[in-house]
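Trainee: Got a minute? I'd like to go through this one with you.
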Amino acid sequence: MMRDELLISDFVALEIERGFPRLLIDFGSGTLELKVKTKKSLDDGEWHRIDLFWDTENARMVVDYCKSAEVAEMEDGSPPEFDDSSCQARGTIPPFNEYLNVNAPLQVGGLYREPFDASLYNWHYMPVGKGFDGCIRNLVHNSKLYDFAHPGLSRNSLTGCPQTEEVCSQSEQTSRCWEHGNCVGSFSEARCQCRPGWTGPACNVPTIPTTFKQQSYVKYALSFEPDRFSTQIQLRFRTREQHGELFRVSDQHNREYGILEIKEARLHFRYNLNSLRTEEKDLWLNSVTVDDGQWHVVRVNRYGSAAMLELDGGEGRRYNETFEFDGHQWLLVDKQEGVYAGGKAEYTGVRTFEVYADYQKSCLDDIRSFDREQQKEYLIPIVIKDHGNPAMTGTSTLTVIIGDVNDNKMQPGSKDIFVYNYQGQAPDTQIGRVYVYDLDDWDLPDKKFYWEVAEHPRFKLDEDSGMITMRQGTRDGKYHLRFKVYDRKHTQNDVPANVTVTVKEIPHEAVINSGSIRIAGITDEDFIRVWNYRTQSLSRSKLDRFRDKLSDLLNTDRENVDIFSVQLRRKHPPLTDIRFSAHGSPYYKPVRLNGIVLMHREDIERDVGINITMVGIDECLYENQMCEGSCTNHLDISTLPYMVNANKTALVGVRVDVQAECTCGDRNFTKSESCRTSPCYNGGRCMESRFGLTCTCPTGYTGPRCQQTTRSFRGNGWAWYPPLAMCDNSHLIYNKKVRRVAHLQRTYSSSGKNQPLDRDQPNGRPQWRFTVFAQDEGGEGLVGYADVQVNLKDINDNAPIFPQGVYFGNVTENGTAGMVVMTMTAVDYDDPNEGTNAKLVYSIEKNVIEEETGSPIFEIEPDTGVIKTAVCCLDRERTPDYSIQVVAMDGGGLKGTGTASIRVKDINDMPPQFTKDEWFTEVDETDGSNLPEMPILTVTVHDEDETNKFQYKVIDNSGYGADKFTMVRNNDGTGSLKIVQPLDYEDQLQSNGFRFRIQVNDKGEDNDNDKYHVAYSWVVVKLRDINDNKPQFERPNIEAVVYENAEVGTTLETFKAVDPDQGGKGKISFAIDRTSDRQRQFSIDQAGQVTIQRKLDRENIPRHQVKILAIDDGVPPKTATATLTVIVQDINDNAPKFLKDYRPVLPEHVPPRKVVEILATDDDDRSKSNGPPFQFRLDPGADDIIRASFKVEQDQKGANGDGMAIVSYEYRDCRERETKKLSNYW
């Protein structure tokens, strides 16, 4: 779709609507809509072509070259009847604006802006707006082919057509056709279209060019009746001549013809479809000369009177067409005398002839006429009529596939098979099939395989399939096997087939030390293949090239490199794992092999021709996201081999799978240990016992499993090792040593001074112990020693101290005299047993005095330091804190001082008081029973007491509305008013508001007896109106019955609703919930009237549940929902069709026989008699060859009386497998 963001009127849109094409085009003066009701819908999984033409006045749409048009040619030469209603539509574009004015991007497959808002566009018709689900190819505008590879912006689109590519890859016949062709099949069937120069079912056989000398030509006899409406000619040619006829088809008298020729070095196609008079039409490619001696490909397509001429792909000046269906539409070709290549020969005498328009000194190749590559099947149109009133008639097409037979002779073949035998433990193993060259598919029932001489003792042969089995225990070596193949069809005896089998044992060490890569775009067969289909010759496989590259990079002999595993992981698109090892002595480690590949990855990809997507196959990349800890790879090695068979070569390798395990690396203690799973390193000898594993290690390897634990590095050295297996909790240990050694220095400290002795704490000691040594003879003789203990005697050298400095105490207000406040204790480090050095006496040095009496307020006990009150009735509200100074003195007169900070504790002795006599708030009414959690008013209270336990409540019956509210206490002591019952502004009493009393007491309980501790206040609440009522439907559920052919605009029902808010005077608008009407088939106006907006289809949706919305004008708006149930009644509007897609196989060269029994079905309502019994007949407009070869008979009692068709083959002439194959002679 194209459209301009600024000029929003101009656009052109091509879409599929309910399976049929629809064109919308608007030059800015109005929209033209064109629709084509094709004979069958286009959503059948097949490729379809749509051509669009427009000029300043008219537009036209053509579907599939109008091949479905009904043509009736008159024998008297009068103009034919041409009914193109099923394939073509044309119309006049609304006048005034004559050009399509767009500069916005071309949108293919869908629309960037979805869904459409009709109010934003000036279009008379709206596009469907739904994204396209399928494939689009060959988008050409004015002979320019669009490149779909790199869109400027895209979403949910891919290059190519994965649906058909998957079908092609799964078909054995077409899975290889991409080498020399293209798979052009549908979503359900694969079919190869060979590139020029190639032929065969799989496009693997090169065509053979023909040289045309002077006065030479080729005359063809056709084995089928050519189609009269269409002609397709494709051929390759090369010439340096400026004139000559390439190809000709004509009737018996050469009055109707189609001639492809070279004139003045340019291509020219001329044709005449009227046998009574000349009405020749022609096409030129004037801008391109073709006499350059190069190969060119030319293609002519004729459909009725329309024709297209293409050269070398047909883009730009290499394409021309005439696309009008006027006049005669048929070309009657004489299949015996009307097909020539190289010129038209006419006899000029006995055994003499003249070749007119002689194509000479030139070559022709790969002539394809009448689309013979698509004729591996017959398409039989069958008319089916149902029992409805009026009856509906439909045409379905039966596809009869022509089965292949063995019609090509075999040629000798040879094959090489490589077997890698894991530890020599392979059981009896199939290693490959005997190969002979044969263009046919493998028709095993026709072939027999046998030994040329006596059977080899190490191998077995299946004589029916040609499969070779290697027996268990076969040793390493090379074995030459000779076979013969017999073809019963062609009675070919003793066609030789030689097989060379190379067997090599792969030890366990090679597998666990292997490197690996994953490659994309290449199958396992492609990797080992040695047969080049293009040159029909042997070539070096990718496996051999990869092996050579590895040996060069590792600087080792080729024989030391083994590529022992090639495993296909995914077929489409291909993904293949390759595993390889290399050995001298011992095997190289994986880190070295993978590292070398990683370093030279680009060179390997270029020289080998592969795309490496992963080096060192790591399944943890895909599994690690599922592991709570970490992930570790381990190899799962099977003794069952993996066979890859590729015609002339086969590889039987070791099956190795990489398993991802959620674990913590080497700390996975759940695994059992064995010498196989946990071997010794570096040649150590592993021994198992019931106590575990032990390793006997060579000299120099000190690890528990003979690891080399040390490595040195010089300068910028480095070494590769396997990556760390990381865990959620990891511990990495290593020791390192650098070459430059730091010198250690010892530091000594000594003092020669005598220090005074201190007996007291905290740094002194009451006793000292030491040993005294004595040695005679000047320090050279005998040694004697004595233990010495020194006891220190105390002196009064430490004054008392208060360790805390400031001490804190509390006393309750209004208490009596003598109440204990706190205790202060001082410390003296002198010896308490030494006189009175540590005996302490306490006194108050600075006291506080009561103002009224002049008495000290506190006193202290001199022996214990206990502080008490000396007076009664302290008042916290008057003096909340006191500070006094206390002195402690020892027996020697030394003093220490400390401070006592005394806080007076409060008691509840003051009454509370609201800070306002009346409180006012305004709130919204509640939304039904949904009550707000937040308070609507917060009140505060004053109380001189330090701590209070306020208790709030609403006084019952104190005023209107008191029952609708409650009071709660907040953490900060304030009180909050909350709603506990719904408030409704629509209630006339409530709309005037509420006034009631609240109270608080500071006793912390619901006790009103002590009036001294209770306070009161008034609360006024004013109510605001909100939009809290949904509209109300008069009828919330309505059912309507309507026939599916009801016209657009038909009224179904009218909904009415009122809004209780605003006194019922609110404005209500209506809408449809589009989740219940996604196809927008209904609309509703603001009066509530529901009408049909788009055509109904019972077979698509027989019952609609449409949600009708009534929306008021409140803020925010309220919505009510009603349901309109639309029951769609059936009419007989669907033609019957086949019950399923019948595709019977009819072998070629068979006598008349029944092909298939066909049942029908009808989407209409069977209970309304709009279905069976069905009637069947062959379409009278079917091709002559179809009507001559097949018949359709009615079995009215079949299918339990529903009717059944029996299709039989009755043509008695021998026919080729390709029904439009050319048989040529000179």
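Mentor: Sure, and keep in mind that this is a predicted model. Let's start with an open sheet of three strands, ordered β5-β6-β9 and paired antiparallel.

Trainee: Which strands are the edge strands there?

Mentor: Those are β5 (50-54) and β9 (88-92), and each of them pairs on one side only. On average, neighbouring strands in this sheet are turned by 10° against each other, ignoring direction.

Trainee: How many bridges do β6 and β9 pair over?

Mentor: Five bridges, in the antiparallel sense, with β6 covering residues 58-63. To pick out one residue, Asn58 has Thr92 in β9 as its bridge partner.

Trainee: Switching to helices: how far apart are the end C-alpha atoms of α4?

Mentor: They are 18 Å apart. Helix α4 (residues 542-554) has 13 residues, and at 1.5 Å a residue it should span 18 Å, so the two values agree.

Trainee: And which residues of α4 are buried?

Mentor: Leu543, Phe546, Arg547, Lys549, Leu550, Ser551 and Leu554.

Trainee: What does Asn555 do just after α4?

Mentor: Asn555 takes a positive phi of about 55°.

Trainee: OK, zooming out. How many helices and strands does the chain have?

Mentor: Eight helices and 83 strands. The chain runs to 1226 residues, and 42% of them count as buried.

Trainee: What about the area the chain exposes?

Mentor: About 68,300 Å², with carbon and sulfur atoms supplying 47% of it.

Trainee: Last one: what share of the contacts with a separation of 6 or more comes from residues 24 or more positions apart?

Mentor: That share is 64% in this chain.

Definitions and conventions: Residues numbered from 1 in each chain as written. Predicted model: local features only at pLDDT ≥ 70, side-chain atom pairs only at ≥ 80, totals over all residues. Heavy atoms only, no water. Pairing = 2+ DSSP bridges. Helix = DSSP H or I, 4+ residues; strand = E, 2+ residues; numbered from the N terminus. Axes fitted to C-alpha atoms, helices over the stretch in contact; angles between N-to-C directions. Expected span 1.5 Å × (residues − 1). Buried < 20%, exposed > 50% of the residue type's maximum accessible area, 1.4 Å probe, protein only. Contact = heavy atoms within 4.5 Å. Areas by Shrake-Rupley, 256 points an atom, 1.4 Å probe, with all protein chains shown as cover.
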